Amino acid sequence: MSPPKEVDLIPEEQAILREWRELFVEHYTEDIKGLQGHHDNVYGFEVDHLLIDQKDRLRLDFHTMPTRVLELGTRVLREQFEHHLVQMRPVIRVVGFPENYLRSVDSLRMRDRSSLVSLNVKINDVSPAYGWLKTTVYECRGCGTRIEVEQRRARERESPGPCRICIQKLIEDGKEEEITRRLFADFTEYKFLQEECNYEDLQDVSMSQVAYNSDLHVLNCSTKVQIVGTVVDDLVGDVEPQSYARVNGIVRVQPIPDRTFAKDTRRTLSLDVLSVEPLALHE
Ligand SMILES: [Zn+2]
């Protein structure tokens, strides 16, 4: 795999990469070396939130833009895995969030979208595993250029725009009529390379708010206060129905599942699960 391209990053992002690199080298080198010889496809690598909190940039940015910071961290971890000859694809699982992230399910509102939260829950139900098309890959029928389009989960598939290379060529050749036709053409100009697309495994997990006392005794488990979360990659197949857990994740806004028309504006909250920490509760 080619080394990460850092030239396209702004200075703040360079700083994030640097701090992630320090964090992994300072605290996790031995753990990474210990993974040599494992042959799973994907590996969920737990990172203690406390260590993120000790880095100036990460502390701030992980809180305000967790998705981007995790993307950058994954780049660094992938590089560290390669450096230590670990062949799996890493996924960062941040654990040990401080108590101030702890929220109750019924307190979540639209304004919490994109925020990091921790929830104490009982796992009610886990859907069968399924997949989604994360990146679609196309090939221009005109010039053979490969185009990748990042997709969003549970949204209409995005198509590539007109092929820039073909348009540039038509401009150079002065074929103006042809340019207009290409700009308004649909994506039949492209061949869809199904086998080269990037897929991600996922499961939907329905969860209920749970309250417990200091003896880890369940005081209340509400069937009314529920939220659906999504787990991906290494967490698929890992979450047990009827178990208790602290689930850490990012609040997302989704179209309601049973919408009957595509442009329905109603939305519901869900959770993109970043990590699951078992709670040893008893009833
Ligand atoms: Zn082209």
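# A guided tour of the three domains

Begin by colouring the chain by its domain assignment, which gives domain 1 (11–95), domain 2 (100–130 + 201–278) and domain 3 (132–198). Keep in mind throughout that what you have open is a predicted model.

**Stop 1: where domain 1 touches domain 2**

Show domain 1 and domain 2 together, and note that their centres, taken over C-alpha atoms, are separated by 24 Å. The contact between them takes 10 residues from domain 1 and 9 residues from domain 2. Which elements give two or more residues to the side of domain 1 that touches domain 2? Select strand 1 (42–48), helix 4 (66–83) and strand 2 (89–95), for these are the elements in question. Strand 2 gives the most to this side, with 4 residues. If you then colour the residues of this side of domain 1 by class, you should find 6 nonpolar, 3 polar and 1 charged.

**Stop 2: helix 1 against helix 4**

Keep helix 4 selected and add helix 1 (residues 11–33), which packs against helix 4 at an angle of about 45°, with the two axes 9 Å apart. An angle of this kind is neither under 35 degrees nor in the range from 65 to 115, and helix 1 and helix 4 are therefore oblique to each other. As you turn the view, look for the sense in which helix 1 passes helix 4, which is a right-handed crossing.

To see which residues meet here, show the side chains of Glu13, Ile16, Leu17, Trp20, Arg21, Phe24 and Ile32 in helix 1. Across from them, in helix 4, select Val69, Leu72, Gly73, Arg75, Val76, Leu77, Gln80 and Phe81. Sorted by class, this contact of helix 1 with helix 4 has 10 nonpolar, 2 polar and 3 charged residues.

**Stop 3: helix 1 against helix 3**

Leave helix 1 on the screen and select helix 3 (residues 56–64), whose axis comes within 9 Å of the axis of helix 1 and crosses it at roughly 115°. Helix 1 and helix 3 are therefore roughly perpendicular to each other. Is the crossing of helix 1 and helix 3 left-handed or right-handed? The crossing is left-handed, whereas helix 1 passes helix 4 in a right-handed crossing.

For the contact of helix 1 with helix 3, select Ala15, Ile16 and Glu19 of helix 1 together with Arg57, Leu58 and Asp61 of helix 3. By class, this contact has 3 nonpolar, no polar and 3 charged residues. It is worth pausing on Ile16, since this residue of helix 1 is listed in the contact with helix 3 and also in the contact with helix 4.

**Stop 4: a helix pair and a hairpin further along the chain**

Move on to helix 5 (residues 164–173) and helix 6 (residues 176–183), which pack at an angle of about 160° with their axes 8 Å apart. That angle makes helix 5 roughly antiparallel to helix 6, and the crossing of the two is left-handed. Show Cys166, Ile167, Leu170 and Ile171 in helix 5, and you will find that they meet Glu178, Ile179 and Arg182 in helix 6. This contact has 5 nonpolar, no polar and 2 charged residues.

Next select strand 4 (residues 130–140) and strand 5 (residues 146–150), which pair in the antiparallel sense over 5 bridges. One place to look is Thr136, whose bridge partner in strand 5 is Val149. The two strands form a hairpin with 5 residues between them, and Gly144 in the turn has a positive phi of about 85°.

**Stop 5: strands 7, 8 and 10**

Finally, select strand 7 (residues 198–212) and strand 8 (residues 218–232), which pair in the antiparallel sense over 10 bridges. Here Tyr212 has Val218 in strand 8 as its bridge partner. The hairpin of strand 7 and strand 8 has 5 residues between the strands, and Leu216 in this hairpin takes a positive phi near 60°.

Keep strand 8 and add strand 10 (residues 267–278): these two strands pair in the parallel sense over 3 bridges. To end the tour, centre the view on Val228, which stands opposite Ser270 in strand 10.

Notes. Residues numbered from 1 in each chain as written. Predicted model: local features only at pLDDT ≥ 70, side-chain atom pairs only at ≥ 80, totals over all residues. Pairing = 2+ DSSP bridges. Domains from an automatic or database assignment. Contact = placed C-beta atoms within 7 Å. Nonpolar A, V, L, I, M, F, W, Y, C, P; charged D, E, K, R; others polar. Axes fitted to C-alpha atoms, helices over the stretch in contact; angles between N-to-C directions. Parallel < 35°, antiparallel > 145°, perpendicular 65-115°, else oblique. Left-handed = near helix turned anticlockwise from the far one by under 90°.
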